[in-house]
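Okay, hi everyone, thanks for letting me go today. I'll put the structure up and then we'll walk through a few spots together.

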Amino acid sequence: MAKDAVDSKGISIRLACDIFQVSQTCYRYSAKRNAENEEIAGWLMRLTDNHRNWGFGLCFLYLRNVRGYGWNHKRVYRIYRELELNLRIKPRKRLVRERPEPLTVPTTINQVWSMDFMHDQLGDGRCFRLLNVIDDFNREIDFSLPAERVIRALEQIIEWRGKPAAIRCDNGPENISGAVQTLGGFTPKQRLAMAA
């Protein structure tokens with residue numbers, strides 16, 4: 001606006017700068033394309049082509065520490081953005097497998113098992129993981145768990161971890177059966193906790 005006032009109204013530069021509250025240095029400044037900017041842009045293009053997973057930080061550290069250039073990080077980042085290098089999509093890291101073995105179709109039970117972890121989250125935010133093991137031949141899944149199966153599983157856990165003071169469970173038919181209630185010699189009070 002100050003330049004327009006000087007050109008069209010013929011007032012002095014000092015008066016125009018006073019009216020529009022700009023310094024005379026700002027008025028007389030003309031942006032000059034620095035040859036160093038071209039050099040910075042060239043370096044950034046080369047670095048991002050050769051190292052596709054490098055971001056601005058690694059490029060700047062390379063130019064500063066390895067090449068010894070004293071360019072300001074703000075200046076380098078401005079050129080980095082003008083080249084739109086900050087919008088690059090970084091390539092995904094892929095696991096390199098030598099030669100995957102083809103999946104075999106088992107012909108008998110206990111020939112091949114598959115296992116994997118599943119995870120879930122509790123109400124308080126803590127995560128837990130489950131280990132699932134399945135026989136690939138018959139893909140056996142338990143659609144019902146009778147009391148005897150529950151007892152067998154609990155006895156294995158008691159053998160591994162020791163007997164708990166009480167077991168809390170719902171009123172499902174497998175849990176309130178007499179066989180489960182007498183498991184491990186729990187007291188009447190503990191059995192009440194089991195059926196709670």
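Let's start with a question: in which helix is R75 found? R75 sits in helix α6. Before I go on, keep in mind that what you see is a predicted model.

So, who does R75 meet? If we skip its neighbours within four places in sequence, R75 is in contact with N34, E36, N37 and I40. One of those has a bit extra going on: the side chains of R75 and N37 are joined by a polar contact of 3.0 Å.

Now hop over to the other partner. N37 is found in helix α4. Is N37 buried or exposed? N37 has a relative accessible area of 15%, and under 20% counts as buried, so N37 is buried. Leaving out residues up to four places away in sequence, N37 touches R75, R78 and I79.

R78 came up there, so let's look at R78 for a second. R78 also has its place in helix α6. Its relative accessibility is 35%, so R78 counts as partly exposed. How far apart are R78 and N37 in sequence and in space? They're 41 residues apart along the sequence, and 10.0 Å apart in space, going C-alpha to C-alpha.

Okay, zoom out to the whole helices. Helix α4 covers residues 35-50 and helix α6 covers residues 73-82. Their axes come within 10 Å and cross at roughly 65 degrees. Angles of 65 to 115 degrees count as roughly perpendicular, which means α4 is roughly perpendicular to α6. The crossing is right-handed, by the way. And which residues make the contact? From α4 it's E36, N37, I40, A41, L44 and T48, and from α6 it's R75, V76, R78, I79 and Y80. Sort the residues of that contact by class and you get six nonpolar, two polar and three charged.

α4 has another partner, helix α5, which is residues 56-66. α4 and α5 pack with their axes 10 Å apart, at an angle of about 120 degrees. So how do we describe α4 and α5 relative to each other? They're oblique to each other, because about 120 degrees is outside the 65 to 115 window for roughly perpendicular and isn't over 145 either. This crossing is right-handed too. Here the contact is made by W43, L44, L47 and T48 of α4, together with C59, Y62 and L63 of α5. By class, the contact of α4 with α5 has six nonpolar residues, one polar and no charged ones.

If you compare the two lists, L44 and T48 turn up in the contact with α6 and in the contact with α5.

Last stop: backbone angles. Most residues other than glycine have a negative phi. Now look at Q21, where phi is near 55 degrees, a positive value in a residue other than glycine. Where is Q21? Q21 is in the loop between α2 (13-20) and α3 (24-28). At 74% relative accessibility, Q21 counts as exposed.

E84 is another one to check: its phi is near 60 degrees, again positive in a residue other than glycine. E84 lies in the loop between α6 and β1, with β1 being residues 113-121. The relative accessible area of E84 is 51%, and the cut-off for exposed is over 50%, so E84 counts as exposed.

That's my tour, thanks for listening!

Notes
Residues are numbered from 1 along each chain as its sequence is written. This is a predicted model: local features need pLDDT of at least 70, side-chain atom pairs count only at pLDDT 80 or more; totals for chains, interfaces and linings use all residues. Side-chain values use heavy atoms; hydrogens and water are left out. Axes are lines fitted to C-alpha atoms, for helices over the stretch in contact, and angles run from 0 to 180 degrees between N-to-C directions. Helices (H or I, at least four residues) and strands (E, at least two) are DSSP runs, numbered from the N terminus. Angles under 35 degrees count as roughly parallel, over 145 as roughly antiparallel, 65 to 115 as roughly perpendicular and the rest as oblique. A crossing is left-handed if the near helix is turned anticlockwise from the far one by less than a right angle, and right-handed if clockwise. Contact means heavy atoms within 4.5 Å. Ala, Val, Leu, Ile, Met, Phe, Trp, Tyr, Cys and Pro count as nonpolar, Asp, Glu, Lys and Arg as charged, and the others, Gly among them, as polar. A polar contact is a pair of N or O atoms within 3.5 Å; within protein, one must be able to donate a hydrogen and the other to accept it, and residues adjacent in sequence count only if both atoms are side-chain atoms. Buried means under 20% relative accessible area, exposed over 50%, partly exposed in between (1.4 Å probe, protein chains only).
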